[in-house]
Structures are given as C-alpha cells and as structure tokens.
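Visitor: I have a model open and would like to go through it. Could you guide me?
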Amino acid sequence: MNLEEEIKIYGAKGAVIKYIHEYDNKIPIEPYVLIPVGYDWRNYQSEINKLGNSLVRSSSPLEDGERLSFAGLFRTEKFDGEDSINLVLDSTKSEDALDYARIHNIFEPITMGLVFQRNSNSSWNYNMLRHPHQENLIFIMGRPVYNPYSYSENYIFDENIKVPPEIEDVLEIYKKIES
C-alpha cells in the first residue's frame with residue numbers, strides 16, 4: 001500500500017509515523033498504536049494499555065499535506081481515558097479548525113484517525129525544515145522544553161554562519177537524517 005492510501009486510512013500523522021517506522025530505521029520512533037479514521041479506539045485498548053504512559057494525537061487525512069496543514073489546530077493530549085480522546089476528536093469542530101477549513105473550501109466534515117504513542121518525556125523538542133528556494137537556510141523551531149505547554153523559540157539558521165551552540169547536536173542529527 002502506498003503512502004497516499006495509508007493517509008486515507010490512518011490520517012497523515014499516523015501514516016507518516018508508520019512509513020518512517022517501516023522504511024527508515026535511523027529515526028527513532030516511540031512505540032505507537034494507530035486507530036484508522038472512523039474506527040472505535042476501544043477495539044485497540046489492550047494494545048494502547050501496553051504503551052504505558054502515552055499521548056493521544058490527532059491524525060486527520062487533511063493535516064500536514066502539500067496544500068493544507070491545519071498546523072496547531074488539532075490537539076494532542078496526555079492519554080488518561082475517554083475524556084482526553086474526546087478533546088482530540090472534538091478539535092476538528094473547533095472554531096479555528098472550521099474557519100481554516102472554510103477558507104480552504106473544505107465543507108465536508110473533518111475526519112480523524114488517532115495515534116496513541118508512548119510519551120517519551122523528552123526535554124528536547126525541535127522541528128526543522130530546509131527552505132525550498134534557499135538551501136542554505138534551515139528553519140528551526142524548538143528548544144529544550146521544560147514546560148511542554150509553553151511556546152518554543154524560533155530560529156532561522158544560515159548554514160554559512162556559525163551555528164548557535166544550543167542547536168549544534170540537533171542540527172547534526174537533522175543533517176544525518178537529510179542525507
């Protein structure tokens with residue numbers, strides 16, 4: 001099955017996590033359980049329980065795509081039962097998510113799969129993206145996260161200039177993944 005087909009089944013986040021896990025063992029992925037779009041999470045409860053301390057994450061077929069991102073509009077919650085799952089599922093009906101959908105001419109209901117993933121309790125959280133037209137620029141969002149509910153600092157890093165010391169290790173990992 002190709003990635004596009006799996007996105008329809010598991011949502012974008014779930015399909016990408018599954019793809020990376022299956023095809024690129026250089027990237028560490030915490031154990032996870034995927035719940036397909038429209039399926040009842042309770043049917044996977046024994047697998048979810050084996051994860052221990054975990055998060056429940058959104059995974060819509062509409063998010064993280066080439067045309068649409070829905071970035072920051074769907075929720076991730078610490079899994080503590082049905083209430084946390086409802087918060088994630090209900091985020092598809094938030095005013096911001098619905099406004100974003102309307103702006104992009106999406107009028108059908110927003111569907112959602114779920115990703116249950118072991119909580120790594122990591123104190124480091126970085127996302128990096130190379131600029132599509134200026135390859136020497138890397139956008140870096142993140143920092144050591146002492147409070148997971150606080151916002152991160154953002155950087156634009158030019159590889160032709162000295163690397164800030166606090167991101168040297170993270171940048172090296174990014175370059176290894178990229179190659």
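Visitor: What covers the two faces of strand S1, and are its residues buried or exposed?
Guide: Strand S1 (residues 32-35) is covered on both faces. Tyr-32 and Leu-34 on one side are buried, as are Val-33 and Ile-35 on the other. Buried means under 20% relative accessible area, exposed means over 50%, and partly exposed lies in between, with a 1.4 Å probe and protein chains only. Strands are DSSP runs of E with at least two residues, helices are runs of H or I with at least four, and both are numbered from the N terminus.

Visitor: Before we go on, what kind of model is this?
Guide: This is a predicted model, in which local features need pLDDT of at least 70, side-chain atom pairs count only at pLDDT 80 or more, and totals for chains, interfaces and linings use all residues. Residues are numbered from 1 along each chain as its sequence is written, and side-chain values use heavy atoms, leaving out hydrogens and water.

Visitor: Which strand pairs with S1, and in what sense?
Guide: S1 pairs with strand S4 (residues 113-118) in the antiparallel sense, over four bridges. Two strands pair if DSSP finds at least two bridges between them. Leu-34 stands opposite Val-115 in S4.

Visitor: Now for the rings: how many aromatic pairs are there?
Guide: The count comes to six aromatic pairs. Rings of Phe, Tyr and Trp (its six-membered ring) pair if their centres lie within 6.5 Å; planes under 30 degrees apart count as stacked, over 60 as edge-to-face and the rest as tilted.

Visitor: Why is the pair of Tyr-19 and Tyr-23 called tilted?
Guide: The ring centres of Tyr-19 and Tyr-23 are 4.8 Å apart and their planes are at 40 degrees, so the pair is tilted. Both residues lie in helix H1 (residues 3-23), four residues apart, about one turn of the helix.

Visitor: Are those two buried or exposed?
Guide: Tyr-19 counts as partly exposed, at 41% relative accessibility, whereas Tyr-23 is exposed, at 59%.

Visitor: Which residues form an aromatic cluster?
Guide: Trp-41, Phe-79 and Phe-116 form one aromatic cluster.

Visitor: Changing topic, what does Thr-76 touch?
Guide: Not counting residues up to four places away in sequence, Thr-76 touches Leu-55, Val-56, Arg-57, Ser-58 and Val-88. A contact means heavy atoms within 4.5 Å. Thr-76 is in strand S3 (residues 76-78) and is partly exposed, at 39% relative accessibility.

Visitor: How confident is the predictor in the chain?
Guide: The mean pLDDT, the predictor's confidence in each residue from 0 to 100, is 80 for the chain. Of its residues, 68% reach 70 or more.
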